[in-house]
Amino acid sequence: MSLESLIILIYVLVLASYLGFELITKVPPTLHTPLMSGSNAISGITIVGALIATSELGYSTLSKWLGMMALILATINVVGGYAVTDRMLKMFKKK
Amino acid sequence: MTIAIQLAYLLASILFIMGIKLLGKTKDARKGNMLSAIGMLVAIVATLITLDILSFVEIFSCMLIGGAIGLYYAKKVEMTQIPEMVALFNGFGGLASLGVALSDHFLKTAVLAVEIDPVNSISIIASVLIGGVTFTGSMVAWLKLNGKVSGQPITFKGQHVLNLALLISFLVISVFTFLYQSDPMYITILVVVALLVGILIVVPIGGADMPVVISLLNSYSGMAACATGFILNNNVLIVAGSLVGASGLILTQIMCKAMNRSLTNVLLGGFGQTVASGAQDGPSIVIKEIGVEETAMLFDSVSSVIVVPGYGMAVAQAQHVIRELMEQCEKRGIDFKFAIHPVAGRMPGHMNVLLAEANISYDKLIEMEAINDEFPNTDLVLIVGANDVVNPAARTNPQSPIYGMPILNADKAKTVIVSKRSMGKGYAGVENELFGYPNCLMLFGDAKQTITKVVSEMKEM
């Protein structure tokens, strides 16, 4: 990886973290559990890496199998995380 | 083509950010979650387009298996079990990141036999460490939360020495992995050490400290995704990962503040011991009991009620019957509110979800800072399954392990009723001096059963 592309990645990291801090301090305590399970689902973004790892052809390599394991786990994380967050948020009602 | 893919990743990142922004408003939160799910879909589709179509069979099989398991679990899980579910999924996320990092490492060293450049190599090591710690740490937290392992802090002699030794060996082996990439031995040891560190970090932490641990592990899972982003040179992973990393850190900080602990104290691990050592017996206190009928009469006669729920309410599944109690009180024109301590329950905001499930409007749930001044003007406080968060020793007794922790000033109300299974100690193992106060009455028995009886008494009045 070239130094320039590393710098760009670090830029993205710093700015996104800062934005994350700004956004999440504003979330009221009532919503902390859905926020956590929702952000848990977002951390399943590693699914993108798992997809790439699984796309290797042939079943003979360790890296392929590791990719498939990662893909199953990341999908559980993503699908389960979003589904349960939605289920919770459906219950928050004001009367 | 690549430009289109990159733009799709940018769109996904924007959707994640907007999603989290909307998650901050109760009425838009569901939409926010949906937006972030769409972002995820965009990222997945964009990635699929770049991949070899011949691999789609196994890709879709894996996603089908994972999706089915995730969906099944999400539908079936009880709201009381949300903390363990979050812990479990966190662990899966961590292990997935670890898997991706290892896969990339073996692809380059064993299959392609190319040199891994330094940045990549460091990212792989970071991803292995954070992913591994997240995985085993979350698994231990999960076992503790569902009761398969004791919620008590597990400590042993030389714990800190062992942790330090592991940390040093991790650094040393990292250097070897970095220098001798093609030898699979070093990265294997690295994985083992990371997994061990994860176990050792969480094992000494007690059940009541779980909100901090879950928040921290949540943050770690985001950082692991972030490290994976550096391996794959992929911005969307870095954006999403750092959003989650930041979110987890903030929640950790909020939880620490609510328990009067410093973040460094938590990050170094091994907290919770001070609590275990503080289980000394104070002077024995004289308590007053109250029966179901008297409780019902008391509720009938007051004009303002605040309920303080704690984890015990979740265990007893008493939230639904408390809604009935609320309806009875509101029929009588009694002002009825809930006071929510930030660390009530086993994860941040746990009580709010449980009460929402019981169909209680969220504007009745008041945060600690907002409600603490109202207690002196309140006729009756009902404490259900909470203990440490209402223990006045946190204000008055410098010897108490929970001294300095911000608490709900429930003791300042005219009358306090404590619904409690028996005369046990709280999760911090501390005697609660509130129970001996002259304005405090104990309502013994299972919270669900006793409050059900109170409600039926009130219905007959």
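Reader: Let's start with helix α4(B): how many of the 30 residues of α4(B) are buried?

Author: First, bear in mind that this is a predicted model. To judge burial, count the other C-beta atoms within 10 Å of a residue's own: 20 or more makes it buried, 12 or fewer makes it exposed, and anything in between is partly exposed. By that count 27 of the 30 residues of α4(B) are buried, so the helix is largely enclosed by the rest of the structure.

Reader: And how far apart should the ends of α4(B) be?

Author: Use the rise along a helix. At 1.5 Å a residue, the 30 residues of α4(B) should span 44 Å, and the end C-alpha atoms are 41 Å apart, which agrees. Just past this helix comes B:Ala113, with a positive phi near 50°.

Reader: Which helix gives the most to the side of chain B that touches chain A?

Author: With two chains, begin by listing the residues on each side that are in contact. Here 97 residues of chain B meet 77 residues of chain A. Helix α4 (residues 82-111) of chain B gives the most to chain B's side, with 19 residues. Sorted by class, that side has 57 nonpolar, 30 polar and 10 charged residues.

Reader: I've heard that residues along a helix can point the same way. Why is that?

Author: It comes down to the turn: an α-helix has 3.6 residues a turn, so residues three or four places apart point the same way.

Reader: OK, another helix. How many residues of α9(B) are buried?

Author: Same recipe. Helix α9 covers residues 235-258 of chain B, 24 residues in all, and reaches 35 Å from its first C-alpha to its last, close to the expected 34 Å. As for burial, 22 of its 24 residues are buried. Right after α9(B) sits B:Asn260, with a positive phi of about 60°.

Reader: What about a short one, like α15(B): how many of its residues are buried?

Author: Count them one by one. Helix α15 runs over residues 350-357 of chain B, and 8 of its 8 residues are buried. Among them are B:His350, B:Asn352 and B:Glu357.

Reader: Positive phi keeps coming up. Where is B:Asn359 found, and what is its phi?

Author: When you meet a positive phi, check the residue type and then its place in the chain. Phi of B:Asn359 is near 70°, and this residue is not a glycine. B:Asn359 is in the loop between α15 and β3 (365-367) of chain B. It has 13 C-beta neighbours inside 10 Å, so it counts as partly exposed. Now try B:Gln317, also not a glycine, with a positive phi of about 55°. It lies in the loop between α13 (311-316) and α14 (319-331) of chain B. B:Gln317 is partly exposed because 16 other C-beta atoms lie within 10 Å.

Reader: Is B:Val175 buried or exposed?

Author: It has 11 C-beta neighbours inside 10 Å, so B:Val175 counts as exposed. This residue lies in helix α6 (residues 159-179) of chain B. You can also compare sequence with space: B:Val175 and B:Tyr186 are 11 residues apart in sequence and 9.3 Å apart, C-alpha to C-alpha.

Reader: Now strands. In which sense do β2(B) and β3(B) pair?

Author: Look at the direction of each strand and count the bridges. β2(B) and β3(B) pair in the parallel sense over 3 bridges, with B:Ala339 opposite B:Ile366 in β3(B). Strand β1 (residues 304-309) and strand β2 (residues 335-340) of chain B also run parallel, joined by 4 bridges. There, B:Ile306 stands opposite B:Lys337 in β2(B).

Reader: Where does UniProt place "transmembrane region" in chain A?

Author: Take the record's ranges, then see what the model does there. The unreviewed UniProt entry gives residues 6-23, 35-53 and 65-85 of chain A. Over 65-85 of chain A the chain is 100% helix, with end C-alpha atoms 30 Å apart. Over 35-53 of chain A it is 79% helix and 0% strand, with its ends 29 Å apart. For chain B, the ranges from UniProt (unreviewed entry) include 35-51 and 122-141. Residues 35-51 of chain B are 94% helix, and residues 122-141 of chain B are 100% helix.

Reader: Last one: how is chain B divided into domains?

Author: Into domain 1 (1-76), domain 2 (81-275) and domain 3 (292-460). To place domains, compare their centres: the C-alpha centres of domain 1 and domain 3 of chain B lie 41 Å apart.

Note on methods: Residues are numbered from 1 along each chain as its sequence is written. Chains are lettered from A and ligands numbered from 1 in the order in which they are written. This is a predicted model: local features need pLDDT of at least 70, side-chain atom pairs count only at pLDDT 80 or more; totals for chains, interfaces and linings use all residues. Two residues are in contact if their C-beta atoms, placed from the backbone, lie within 7 Å. Helices (H or I, at least four residues) and strands (E, at least two) are DSSP runs, numbered from the N terminus. Ala, Val, Leu, Ile, Met, Phe, Trp, Tyr, Cys and Pro count as nonpolar, Asp, Glu, Lys and Arg as charged, and the others, Gly among them, as polar. UniProt positions are given in the numbering used here, feature names are shortened, and annotations may be inferred rather than shown by experiment. The expected span of a helix is 1.5 Å times one less than its number of residues. Domain bounds come from an automatic or database domain assignment. Two strands pair if DSSP finds at least two bridges between them.
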